[in-house]
Amino acid sequence: RPRVRTAPRAIFTITPRAAKHLKEMIEQRDPPPLGVRVGIQARGCNGLSYTMDYAEERRSFEEVVEAEGVKLFIDPKAQMYLVGATMDWEEDDVKAEFRFHNPNETSRCGCGESFSV
């Protein structure tokens, strides 16, 4: 009986809203970067926070996630913390920001800037 193989799931997903906003930000840069690097850093009242920066090149061992014409480079040190996470763009009357929905988080600080796993 033939084996059916499914496509591997991306380590990290991005919503169409987030991709649209990232694409606009990238296109405004001169020259435009290759994409956006996503990582984590030890800081904040709950231990870790998400980081984002423009990526000019792909670094060793980075996972690359492509969505809606945007490339995200996932820092290798952050990969185990970001498996299954989704990045979204949220706007309301007071703020507009990228939000990370991460099933690995065990707690988040009150201001929402840092988390723990």
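## Exercises on salt bridges, aromatic pairs and a sheet

Arg99 and Glu90 form a salt bridge whose closest N and O atoms are 3.7 Å apart, a salt bridge being a side-chain nitrogen of Lys or Arg within 4 Å of a carboxyl oxygen of Asp or Glu. The model is predicted, so that local features need pLDDT of at least 70 and side-chain atom pairs count only at pLDDT 80 or more, while totals for chains, interfaces and linings use all residues. Residues are numbered from 1 along each chain as its sequence is written, and side-chain values use heavy atoms, with hydrogens and water left out.

**Exercise 1.** Establish which residues are linked with Arg99 in a network of salt bridges.

*Solution.* Begin with Arg99, which also forms a salt bridge with Glu97, where the closest N and O atoms are 4.0 Å apart. Glu90, Glu97 and Arg99 are thus linked in a network of salt bridges. Next consider accessibility, for which buried means under 20% relative accessible area, exposed over 50%, and partly exposed in between (1.4 Å probe, protein chains only). Arg99 is partly exposed at 24%, and Glu90 is partly exposed at 30%. Finally, Glu97 in β7 is the bridge partner of Glu90.

**Exercise 2.** Work out which parts of the chain are tied together by the salt bridge between Arg17 and Asp88.

*Solution.* A search of the whole structure finds seven salt bridges, and in one of them the closest N and O atoms of Arg17 and Asp88 are 2.5 Å apart. Arg17 lies in helix α1 and Asp88 in strand β6 (residues 85-91), so the pair ties together parts that are 71 residues apart in sequence; helices (H or I, at least four residues) and strands (E, at least two) are DSSP runs, numbered from the N terminus. Asp88 is buried, with a relative accessible area of 6%. The side chain of Asp88 also makes a polar contact of 2.6 Å with the side chain of Thr15, where a polar contact is a pair of N or O atoms within 3.5 Å and, within protein, one must be able to donate a hydrogen and the other to accept it, residues adjacent in sequence counting only if both atoms are side-chain atoms. Thr15 is placed in the loop between β1 (12-14) and α1 (16-28), and Thr15 is buried at 18%.

**Exercise 3.** Determine which residues form one aromatic cluster with Phe100.

*Solution.* The whole structure holds three aromatic pairs, for which rings of Phe, Tyr and Trp (its six-membered ring) must have centres within 6.5 Å, planes under 30 degrees apart counting as stacked, over 60 as edge-to-face and the rest as tilted. Phe12 and Phe100 form a tilted pair, 6.2 Å centre to centre with 45° between the planes. Because Phe12 lies in strand β1 and Phe100 in strand β7 (residues 96-101), this pair ties together parts 88 residues apart in sequence. Phe12 is buried at 0% relative accessibility, and Phe100 is buried at 10%. Tyr50 and Phe100 form a stacked pair, 4.1 Å centre to centre with 15° between the planes. Phe12, Tyr50 and Phe100 therefore form one aromatic cluster.

**Exercise 4.** Identify the strands at the edges of the sheet.

*Solution.* The open sheet of three strands has the order β1-β6-β7 with mixed pairing, two strands pairing if DSSP finds at least two bridges between them. β1 and β7 stand at the edges, each with a single partner strand, so one side of each is left without a neighbour in the sheet. Six bridges join β6 to β7, which run antiparallel.
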